[in-house]
Amino acid sequence: MHNITDSVAADSLLLKDPPLLDGAHAQTPEQLLTALNGIVAGLTEAESTTRRLRWGDNQLPVTPPTPAWRRWLRQFHNLFIYVLLISATISLVLQHWVDTGVILAVILVNAAIGYVQEGKAEAALRAIMSLSKSLSMVVRNGAGFSIDSSQLVPGDVVMLQAGDKVPADLRLIECKELRCDEALLTGESQSAAKTTATLPPETLLAERRNMAYMGTLVTQGTARGLVINTGIRTEIGAINQLVQLVKTTATPLQLQLGKLAQQLTIAILVLTIATMAFGILVRDYTLAQMFQAAIGIAVAAIPEGLPAIVTIALALGVGRMAAEHALVRRLPAVEVLGSVDVICTDKTGTLTANAMTARQLVTTNNHYLISGEGYEPRGNFRRKGERQPIALEALGEDPQLVHACRIALVCNDANLTHDNNRWQLHGDPTEGALHVMALKSGLTNKQSKQQWPRLDELPFESEKRYMAVLHRFDNSTGDNLGNDAQAMAVKGAPDRLLELCQWQLGESGNEPLDKAYWHQQLTDLAAQGMRVLALACKTHPDDQPSLTHKHMHEGLVMVALAGLSDPPRPEAIAAIDACHSAGIRVMMITGDNPVTAAAIGKELGLNAKRVMTGAELDLLSPADFSQIAETVDIFARTSPANKLQLVEALQTRHHTVAMTGDGVNDAPALRTADIGIAMGMKGTDAAREASAFVLTDDNFATIEQAVAEGRTIYDNIVKSIAFILPTDLAEASIIILAILFGWMLPITPAQILWVNTITAVTLALALVFERSEANIMARPPRQRHQGLITAALLYRILLVGGLGAATVFVLFRWKLDQGASIEQARAIAVNALVIFECFYLLTARTFYDSIWHPRYWQGIGPSLLAIIVVVIFQLLFTYLPLSQTIFAVAGISLEDWLIIALATSPIVLLVETEKVVARRMQARRQIATQGKRYAQL
Ligand code: ATP
């Protein structure tokens with residue numbers, strides 16, 4: 001790597017990050033390979049490392065975080081804060097120094113908490129971005145390896161297939177029906193067809209058909225491309241447009257809360273003005289006194305902590321989900337999780353382990369069992385019914401077996417490596433299993449490449465369900481293919497290939513296909529839960545150097561069926577059970593065979609009474625389709641279009657649907673579902689782009705955990721609201737009631753401001769750290785369009801607000817009647833209000849879990865800490881001389897504290913009684929859900 005890099009190194013002194021190579025579209029692949037010192041067989045590992053050191057990682061710079069000052073200022077851009085600022089200004093004008101100071105403190109404390117927490121949220125989202133790595137298939141020493149796309153260097157040769165996100169700027173050197181969606185760069189919504197032909201230098205970017213650009217999506221076909229530019233030097237790097245992984249739009253709940261906040265603020269302002277007018281006109285207070293009271297009411301009633309609490313609850317939840325392998329790409333989806341009542345999932349890899357091993361091979365005349373584990377190519381073949389395995393040397397005596405293994409090896413893109421005593425698969429597990437099976441028969445990769453080099457291919461597409469390769473073919477191996485020097489090797493879904501085959505490979509050559517025999521074998525293998533692949537072949541005329549789907553139609557010869565075991569994941573069985581208890585229906589929508597799907601479905605505990613295939617779905621009327629979508633839980637041999645139709649049918653029936661997908665064609669279904677979930681490992685980049693979530697472990701159990709987490713986040717937000725609104729009501733109504741009835745104020749406006757400052761942000765904040773309740777996955781999903789303020793919440797607001805205010809009045813009067821000073825009586829009133837809130841916090845931590853249960857005390861840390869902090873502040877407030885002067889209070893006795901505790905604690909009993917009722921109602925609902933489920937199974 002001398003010529004080109006050296007000249008550009010000189011340029012880069014003038015230009016920051018110039019492209020390494022400009023005008024690649026106008027050069028031939030050979031010229032470029034020479035310029036980049038590359039070869040079609042790819043770079044060596046050592047060379048790639050040297051280049052990475054020189055040119056850096058293939059990454060775009062991450063957008064810089066919001067500057068601190070802007071984040072700080074943003075905290076003040078909020079309706080609540082505007083009202084508070086106006087209140088502070090009025091207090092200042094009235095020369096009420098204490099009030100002004102306390103209001104300013106509320107504003108600052110609130111802003112500081114918002115600032116710190118928002119920073120944490122941003123950092124969490126950023127961390128998630130860096131977790132989501134994309135992989136590329138790169139050619140090294142002639143073979144394909146999947147590597148982290150950030151490791152690509154100029155000169156690498158990359159393989160592309162449908163669904164891939166192009167990992168760097170590439171000059172295409174081989175292309176098969178490649179189309180790319182380049183809307184990101186060119187704004188063109190139609191995908192662009194690609195070729196390898198060299199273009200004139202003046203060709204515009206949008207028309208450079210021989211280039212594939214970083215960040216664009218492959219919608220169809222396959223290709224090999226030479227990496228020309230990486231990272232910041234790519235076209236997308238030049239326009240510096242980073243496709244944000246996490247879209248930070250406001251969530252429905254945030255919008256709903258924003259609206260609620262506005263309505264509350266208006267209501268509070270009206271109430272405050274009305275109280276002021278009443279106080280002046282009816283109770284003869286002065287304007288200055290009423291201003292002070294009004295400010296107290298407004299500040300107390302405004303739930304200024306709410307917006308920050310929702311943001312924090314969401315950010316914490318998103319972080320926890322990432323730790324559990326669910327990456328959130330669209331924040332609003334987190335809230336929807338709690339309402340999901342149907343999960344439509346793939347089978348392979350999500351419900352099953354996707355650790356495939358070929359266990360059985362059925363040819364026209366024999367049935368073999370294959371030993372060995374995982375991807376280690378060690379094991380042998382044994383005829384069914386015989387005890388001894390067949391010796392490797394003797395395998396050649398069975399041409400059907402040898403032939404099947406050759407097809408399995410030739411028609412295959414998987415690659416195995418052996419590092420650190422571990423066999424590692426690069427590529428698709430189905431192909432990996434067949435590759436390993438072929439190696440067990442004594443064939444080698446090298447032999448395959450030398451004797452049967454690939455000339456052309458039809459890549460696997462889930463609609464066609466087969467893959468075919470055209471390869472040269474050395475007739476000295478003595479098989480029955482005839483005299484042509486080219487042959488096709490095909491593998492695919494058996495039902496599909498049985499439609500296409502006319503022959504089968506018999507002991508003495510091709511014989512007519514015995515469809516009944518093969519169908520029987522297929523059913524037997526599938527009924528054992530195996531994934532079955534058919535292996536077929538055909539000679540190919542020498543004068544036709546390429547392959548089309550038409551070639552599949554004449555004279556295809558069936559050679560064997562391979563049975564691959566892919567056991568259900570044990571954790572998926574438990575997760576499906578948990579979903580059922582949570583009132584969530586689990587539907588399996590797979591591309592696999594219906595018999596395999598039913599067998600695996602049954603093992604997983606799904607409703608396997610009836611299995612529908614995509615072909616059957618296609619024949620249904622819309623009404624029947626909708627009915628089937630409601631009642632059948634297993635769908636097999638489905639197309640991406642079937643998936644989309646199922647989501648739509650379920651949504652019309654008012655279900656909230658989560659749908660998993662991995663293929664490029666799954667994108668419409670993923671986008672339409674209420675929650676699209678892409679597979680991080682096996683999924684295509686196209687599926688990821690279309691999804692709200694990405695599962696980094698492809699595991700169904702992770703979806704169940706994410707649903708539980710989503711429910712917890714929503715619970716915690718509602719718990720915070722159920723804490724803030726009633727306590728604010730209690731604080732504000734104390735002043736309002738006193739003015740209305742002409743009573744002496746038990747708590748002065750300045751003292752109310754103090755209470756609000758120390759409790760609003762400390763106590764309520766503790767609730768967003770709450771863990772899931774015991775029954776989180778035993779309750780039915782939340783109604784999707786249920787409003788924020790339900791009847792139960794309204795009851796809670798009035799109960800707690802009313803009781804809090806009443807307790808304060810009663811204690812205040814009692815203390816005065818005992819002959820205490822007004823300062824002492826007010827100290828009692830203020831402390832009663834705060835201790836009341838502390839007791840309420842203790843019990844409001846859960847909606848269902850009882851305070852008398854040991855489980856309740858686990859995870860109480862944050863609430864306890866908040867209470868301790870608040871109590872310390874109250875002691876300072878009550879006994880510190882400075883505070884006594886500022887707030888006009890006097891110290892109280894230990895006996896007073898005990899009376900306060902006695903008088904304020906009954907709130908715990910009241911809320912606990914409410915929980916008993918809630919638990920009973922929930923148990924009744926649960927029995928109904930279980931009953932429905934057992935009726936189905
Ligand atoms: P799921 O939708 O649950 O992930 P799936 O992986 O079986 O199921 P597809 O990937 O669409 O769905 O595969 C459909 C069928 O195509 C498989 O059952 C198999 O018979 C066949 N098949 C899968 N992979 C290949 C491949 N690499 N080459 C040839 N045929 C394949």
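Student: I'm looking at helices H5 and H10. Is their crossing left-handed or right-handed?

Tutor: The crossing of H5 and H10 is left-handed. Keep in mind that this is a predicted model.

Student: What do people use to describe two packed helices?

Tutor: Two things: the angle between the axes and the distance between the axes. Here, H5 covers residues 79–93 and H10 covers residues 287–301. Their axes are 10 Å apart, and the packing angle is about 160 degrees.

Student: How do H5 and H10 run, roughly parallel or roughly antiparallel to each other?

Tutor: Angles over 145 degrees count as roughly antiparallel, and H5 and H10 are therefore roughly antiparallel to each other.

Student: Let's try another pair. At what angle do H17 and H19 cross?

Tutor: At roughly 20 degrees, with the axes coming within 8 Å. H17 is made of residues 515–527, and H19 of residues 594–604. An angle under 35 degrees counts as roughly parallel, so H17 and H19 are roughly parallel to each other. As for handedness, H17 passes H19 in a right-handed crossing.

Student: Now single residues. Is Ile-776 buried or exposed?

Tutor: The idea is to look at relative accessible area: under 20% is buried, over 50% is exposed. Ile-776 has 7%, so Ile-776 is buried. You'll find Ile-776 in the loop between helix H27 (763–766) and helix H28 (791–817).

Student: How many residues apart along the chain are Ile-776 and Gln-151?

Tutor: They are 625 residues apart, and their C-alpha atoms are separated by 42 Å.

Student: And Pro-854, where is that found?

Tutor: Pro-854 is in the loop between helix H29 (822–844) and H30. With a relative accessible area of 60%, Pro-854 is exposed. Measure it against Lys-259 on your screen: the two are 595 residues apart in sequence, and 39 Å lies between their C-alpha atoms.

Student: Which residues form the nonpolar patch on the surface?

Tutor: Residues in a patch each have over 30% relative accessible area. In this structure, the patch is formed by Leu-864, Ile-868, Ile-872, Phe-873, Leu-876, Leu-880, Leu-882 and Ile-886. Together they have about 700 Å² of accessible area.

Student: Which helix gives the most to that nonpolar patch?

Tutor: H30 does, with 5 residues. Helix H30 (861–879) and helix H31 (881–887) each supply at least two.

Student: Where does Leu-882 lie?

Tutor: Leu-882 lies in helix H31. Its relative accessible area is 59%, so Leu-882 is exposed.

How values were computed:
Residues are numbered from 1 along each chain as its sequence is written. This is a predicted model: local features need pLDDT of at least 70, side-chain atom pairs count only at pLDDT 80 or more; totals for chains, interfaces and linings use all residues. Side-chain values use heavy atoms; hydrogens and water are left out. Patches are made of residues with over 30% relative accessible area and no salt bridge: like charges are joined within 9 Å, nonpolar side chains (Val, Leu, Ile, Met, Phe, Trp, Tyr) within 5 Å. Accessible areas come from the Shrake-Rupley method with a 1.4 Å probe; for residues, only the protein chains shown count as cover. A salt bridge is a side-chain nitrogen of Lys or Arg within 4 Å of a carboxyl oxygen of Asp or Glu. Helices (H or I, at least four residues) and strands (E, at least two) are DSSP runs, numbered from the N terminus. Buried means under 20% relative accessible area, exposed over 50%, partly exposed in between (1.4 Å probe, protein chains only). Axes are lines fitted to C-alpha atoms, for helices over the stretch in contact, and angles run from 0 to 180 degrees between N-to-C directions. Angles under 35 degrees count as roughly parallel, over 145 as roughly antiparallel, 65 to 115 as roughly perpendicular and the rest as oblique. A crossing is left-handed if the near helix is turned anticlockwise from the far one by less than a right angle, and right-handed if clockwise.
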